[in-house]
Amino acid sequence: MTRRVVDAAAYRERLRACFGDAAGAVEAAYPPAAYATPATALAALLSDASFICPTLRDSRAPARHVPVYGYRFHDRSAPNSAGFPAPPDLPFGAAHGFDLPYLFTAAALDPAPRALADRMVDHWARFARAGTPNGPGAAGWPRFGAAASVVALAPGPGGGRPVDVAGEHHCALWDAAAARNPEDRTGAAGAPATAGAADPTRAAAHPVASDR
């Protein structure tokens, strides 16, 4: 049975088991003290290595041929509408799939997330109609490619701003690991040697990340 990551010692033990000699480099990028719990730190690094950074790498391929628009769902108070059991030491935050009730009538939303949901639906409808999420009164969503070209979608003012997702999620670390281990597209199984410091016919929308 896998031991739960209940403290910093268990976290470091898990890093050594997963990353061997590079465990220190990974911990330097994801120090447990920077997160609500050590389990959250582990969830963050595994999410970055196995989902966020690979999605950014995959997004670069279509971006060479068609306009691509990336987003990160960033409402950390999003409701757990699926009713997943919530571990006490691992808050879900803006977990993968928690954006679906914002796009479909799957759950009741409070006023602030409801306003975000309305904005998201407007973006998606414009994208389906015109191949771009931008429009009158809703410009500012850049094409994927530059460092800060993924839009963080969150409630309230500033909840639609471009962010440097690759930088925030340590993708230099995981991209280097993936390059050394091409059979593992995530890079999670291959430990990096050193710590490093984003659908239609003419356009593509990529859900680059969710965020804890």
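## Starting at Thr40

Thr40 lies in helix α3. This is a predicted model, and Thr40 is a handy place to begin looking around it. Is Thr40 buried or exposed? Thr40 counts as buried because its relative accessibility is 7%, and the cut-off for buried is under 20%. Leaving out residues up to four places away in sequence, Thr40 touches Tyr35, Asp89, Leu90 and Pro91.

## The overall plan

Now step back to the whole chain. The protein has seven helices and four strands. Following the sequence, you meet them in the pattern α-α-α-β-α-α-β-β-α-α-β.

The protein has 212 residues, and 45% of them count as buried. About 10700 Å² is exposed, with carbon and sulfur atoms supplying 59% of that area.

## Two nonpolar cores

In soluble globular proteins, nonpolar side chains tend to be buried together. Here, the largest nonpolar core has 25 residues. Which residues have the most contacts inside it? They are Tyr11, Leu15, Val26, Tyr30, Leu45 and Trp174. Five elements each supply at least two residues of this core: α1 (8-19), α2 (23-29), α3 (38-63), β2 and α7 (171-180). Helix α3, the home of Thr40, gives the most to this core, with seven residues.

Tyr11 is worth a closer look. Setting aside neighbours within four places in sequence, Tyr11 is in contact with Val5, Glu27, Tyr30, Pro32, Pro38, Ala41, Leu42 and Leu45. Apart from the largest core lies another one, of 17 residues, and among them are Tyr71, Leu109, Met120 and Leu153.

## Helix α5

Helix α5 covers residues 111-130, which makes 20 residues. From its first C-alpha to its last, α5 reaches 28 Å, close to the 28 Å expected at 1.5 Å a residue.

Which residues of α5 are buried? They are Pro113, Leu116, Ala117, Met120, His123, Arg126 and Phe127. You have already met Met120, as a member of the core of 17 residues. Just after α5 comes Gly131, with a positive phi of about 80 degrees.

## A hairpin of two strands

Next, find strand β2 (residues 150-153) and strand β3 (residues 160-163). In which sense do β2 and β3 pair? They pair in the antiparallel sense, over four bridges. Val151 stands opposite Pro162 in β3.

Between the two strands of this hairpin there are six residues. In the hairpin, Gly156 takes a positive phi near 85 degrees. Strand β2 also links back to the cores: β2 supplies at least two residues of the largest one, while Leu153 belongs to the core of 17 residues.

Notes: Residues numbered from 1 in each chain as written. Predicted model: local features only at pLDDT ≥ 70, side-chain atom pairs only at ≥ 80, totals over all residues. Heavy atoms only, no water. Pairing = 2+ DSSP bridges. Expected span 1.5 Å × (residues − 1). Buried < 20%, exposed > 50% of the residue type's maximum accessible area, 1.4 Å probe, protein only. Areas by Shrake-Rupley, 256 points an atom, 1.4 Å probe, with all protein chains shown as cover. Core = buried A, V, L, I, M, F, W, Y, C linked by side-chain atoms within 4.5 Å. Contact = heavy atoms within 4.5 Å.
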